[in-house]
Amino acid sequence: GSLPADVVHPENTLVVGAGSMQLERLIAERGGTVTTVELDSIVVEASTQYFADYNLMDTLTNRAIVIDDAKHFIANTTQTFDLIVTDVPAAFSIQTATLYSVPFYEQIEQKLGDDGVLVVNLTTRFEEDNIVSRRIVASALDVFDDVVIVTSESSSLSYAFAGHTLPFDLVQFQAALEANDENDYVIYQRA
C-alpha cells in the first residue's frame, strides 16, 4: 500500500477487496480518500473488529467502505480514481478470475483519472513457468500501454503497475521501493 501511494500520490483511491484493510491504512496515511469495495460484509466486520491495531479503521477518517460486487460498483460509479488497487484472492476460481480479466480491466480503465494507475497483486511470483501470473499480466498488457512488474523478494509476490502513462519513471520507482525497505527486487517492463 505504501509503494503505490508513494509513486502515484493519489487524491482518490479505490481498493477492490478488503482483506485486513492494512493496505488501505498505508495508502490513507499518506493522504487522499480511500474507498474500499468489498463483496462480503463479514470480511469488513472481522477486519474492523480483529485488525483495528493494523488497519486503524477507528482512527483514520479519510476512508469509506462500500459493500458491493466490485464489477457492479465499477460499472456504475461516476467517480474516477487516481489509483485502483486490487486486493483479491488468487485467480483459481471463475468468480475471482473475472477480477483479473480483460473486460474487468477495461471497466477499470474507464474509471482511472489522467495518469491513473491500476496495481494488481499477481498472487504469486511472475515467472516464465507460472501460467497464472503470466495470464494476469497478459490481461493488463492487452488494456494498458505502460505496465511495470515488480517482484519483491521480501514477500515472494509480484505486482503489476498499469496505466496509459505511468506517472513515475524507473528511478523514482526504485527510490520508492528502497524508501519502503525493499532492497531485493526485480523489475520488468513491457520490452
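**Figure 1. Buried residues of helix H7 in the predicted model.** Within helix H7, which spans residues 102-111, the buried positions are Phe 104, Tyr 105, Ile 108 and Lys 111. These four residues lie on the same side of H7 because the arc they cover around the axis is only 110°. An α-helix has 3.6 residues a turn, so residues three or four places apart point the same way. Pro 103 and Gln 110 are exposed and sit on the face of H7 turned away from its buried side. The packing partners of the buried H7 residues are H5, S4, S5 and helix H8 (131-143).

**Figure 2. Surroundings of Asn 180 in the loop between helix H9 and strand S8.** Helix H9 covers residues 170-179 and strand S8 covers residues 185-189, with Asn 180 in the loop between them. The side chain of Asn 180 forms a polar contact of 2.9 Å with the side chain of Asp 6. A polar atom of the Asn 180 side chain also lies 2.8 Å from the backbone oxygen of Ala 176. When residues up to four places away in sequence are not counted, Asn 180 touches Ser 2, Leu 3, Asp 6 and Arg 30.

**Figure 3. The largest pocket and its lining.** The space in the largest pocket amounts to about 560 Å³. Its lining comprises 23 residues, of which Gly 1, Ser 2, Leu 23, Leu 26 and Tyr 159 are the closest to the pocket centre. Two or more lining residues come from each of helix H1 (2-8), helix H2 (22-28), strand S4 (81-86), strand S5 (112-121), strand S6 (146-152) and strand S7 (157-163). Classified by residue type, the lining of the largest pocket contains 11 nonpolar, 10 polar and 2 charged residues. Ser 2, one of the residues closest to the centre of this pocket, is also touched by Asn 180. Strands S4 and S5, which contribute to this lining, are among the elements against which the buried residues of H7 pack.

**Figure 4. The second largest pocket and its lining.** About 280 Å³ of space lies in this second largest pocket. Among its 19 lining residues, Glu 38, Leu 39, Val 88, Pro 89 and Leu 99 are the closest to the centre. The elements that supply two or more residues to this lining are strand S2 (33-38), helix H5 (70-76) and helix H6 (94-97). The lining of the second largest pocket includes 9 nonpolar, 4 polar and 6 charged residues. Helix H5, which contributes to this lining, is also one of the packing partners of the buried H7 residues.

Note on methods
Residues are numbered from 1 along each chain as its sequence is written. This is a predicted model: local features need pLDDT of at least 70, side-chain atom pairs count only at pLDDT 80 or more; totals for chains, interfaces and linings use all residues. Side-chain values use heavy atoms; hydrogens and water are left out. A polar contact is a pair of N or O atoms within 3.5 Å; within protein, one must be able to donate a hydrogen and the other to accept it, and residues adjacent in sequence count only if both atoms are side-chain atoms. Contact means heavy atoms within 4.5 Å. On a 1 Å grid over the protein atoms alone, a cavity is a set of points where a 1.4 Å probe fits but cannot get out, and a pocket is an open set with protein on both sides within 12 Å along at least five of seven lines; lining residues have an atom within 4 Å of a point. Grid points are joined across faces, edges and corners, and a volume is the space filled by probe spheres set on the points. Ala, Val, Leu, Ile, Met, Phe, Trp, Tyr, Cys and Pro count as nonpolar, Asp, Glu, Lys and Arg as charged, and the others, Gly among them, as polar. Buried means under 20% relative accessible area, exposed over 50%, partly exposed in between (1.4 Å probe, protein chains only). The arc is that of the directions from the helix axis to the C-beta atoms.
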